[in-house]
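Q: Please take me through a close look at a single part of this structure, starting from one residue and working outwards to whatever surrounds it. I am new to the structure, so a connected account would help.

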Amino acid sequence: MDQDVEIEPVLPDFELDDFLPYLLAEAAEKLSRELADIYRDAGLSTPQWRVMVHLSYSGQVSVRDIERRVSMEKSKVSRAAARLETAGLVEKRADPADGRLVALSLTGQGHTLMARLLPRALEYQHQLEGLLGADLNGFRHALARLLNSERRT
């Protein structure tokens, strides 16, 4: 009597709580939720916050520049910018360097909002730095290595 017996493959030892991609994703999600408490009070979505932060850091830049810097699709940047423009926080102009592009910058109202939000964001960062303590420099170095590494297959 030959019966087809299905043999389950042997799985390697795996601990989810020790799996770095999982831990990094969980940490990023937690930090994003906590940071969102700061800007959501001002009525900003995450894409809007990212555009506003980039503009407060860079001044007048194109949608393409923001897209590259904040790792968001052009359509998301454009939608966020349109909503910010409607809210009076951002203004659009033809890019002086390339008339085919649209340059964005904060309005006076946008500057005022960021002057209120950025200190709160920096306070949150200081809390994280305090939590990491002596591990902070090593953590920053490790993150830089991860962000700048090429995947080897």
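**From a loop to the sheet**

A: Gly 43 is found in the loop between H1 and H2, in what is a predicted model. At 58% relative accessibility Gly 43 counts as exposed, because that value lies over the 50% cut-off. A useful way to leave this loop is to compare the place of Gly 43 with that of Ser 105, since the two are 62 residues apart in sequence and 19 Å apart in space, taken from C-alpha to C-alpha.

Ser 105 leads into the sheet, where it is the residue of S3 that serves as bridge partner to Glu 91. The sheet is open and is formed by three strands in the order S1-S3-S2, with antiparallel pairing. Its edge strands are S1, covering residues 61–62, and S2, covering residues 90–94, each of which pairs on one side only. Between S2 and S3, the latter made of residues 102–106, the antiparallel pairing runs over five bridges, whereas S1 and S3 pair in the antiparallel sense over two bridges. Ala 103 in S3 is a good residue to follow here: Ser 62 stands opposite Ala 103, and Ala 103 is also the bridge partner of Arg 93. As for its surroundings, S3 is largely enclosed by the rest of the structure, because four of its five residues are buried.

Two helices lie across this sheet. Helix H2, residues 46–58, lies across S1, S2 and S3 and runs at about 85° to S3, while helix H4, residues 74–86, lies across S2 and S3 and runs at about 115° to S2. The loop that holds Gly 43 lies between H1 and H2, so that loop and the helix lying across the three strands can be read together by anyone tracing the chain.

After the sheet comes Thr 107, which is found in the loop between S3 and H5. Thr 107 is buried, with a relative accessible area of 15%, because this falls under the 20% cut-off. Once its neighbours within four places in sequence are left aside, Thr 107 is in contact with Gly 88, Leu 89, Val 90 and Glu 91. Glu 91 in this list has been met already, as the residue whose bridge partner in S3 is Ser 105.

Returning to the loop where the account began, another of its residues has a charged partner elsewhere. Asp 41 forms a salt bridge with Arg 120, and the closest N and O atoms of the pair are 3.5 Å apart. Asp 41 lies in the loop between H1 and H2 and Arg 120 in helix H5, residues 108–132, so the pair ties together parts that are 79 residues apart in sequence. The two ends of this link differ in their setting: Asp 41 is exposed, with a relative accessible area of 59%, whereas Arg 120 is partly exposed, with a relative accessible area of 35%.

Helix H5 also takes part in a further link. The side chains of Arg 140 and Glu 129 meet in a salt bridge, at 2.7 Å from N to O. Because Arg 140 lies in helix H6 and Glu 129 in helix H5, this pair ties together parts that are eleven residues apart in sequence. Arg 140 is partly exposed, with a relative accessible area of 43%.

A salt bridge may also sit inside one helix, as with Arg 68 and Asp 65, whose closest N and O atoms are 3.6 Å apart. Both residues lie in helix H3, residues 63–70, where they are three residues apart, or about one turn of the helix. Arg 68 counts as exposed at 58% relative accessibility, while Asp 65 counts as partly exposed at 32%.

Helix H6 leads on to the nonpolar side of the surface. A nonpolar surface patch of about 650 Å² is made by Leu 20, Leu 23, Leu 24, Phe 139, Leu 143, Leu 146 and Leu 147. The elements that give two or more residues to this patch are helix H1, residues 20–40, and helix H6, residues 136–148, and the largest share, four residues, comes from H6. Leu 23, which is found in helix H1, counts as partly exposed at 36% relative accessibility. With H1 the account comes back to its starting place, since Gly 43 is found in the loop between H1 and H2.

Note on methods
Residues numbered from 1 in each chain as written. Predicted model: local features only at pLDDT ≥ 70, side-chain atom pairs only at ≥ 80, totals over all residues. Heavy atoms only, no water. Pairing = 2+ DSSP bridges. Contact = heavy atoms within 4.5 Å. Axes fitted to C-alpha atoms, helices over the stretch in contact; angles between N-to-C directions. Patch = residues over 30% accessible without salt bridge, like charges linked within 9 Å, V, L, I, M, F, W, Y side chains within 5 Å. Areas by Shrake-Rupley, 256 points an atom, 1.4 Å probe, with all protein chains shown as cover. Salt bridge = Lys/Arg side-chain N within 4 Å of Asp/Glu carboxyl O. Buried < 20%, exposed > 50% of the residue type's maximum accessible area, 1.4 Å probe, protein only.
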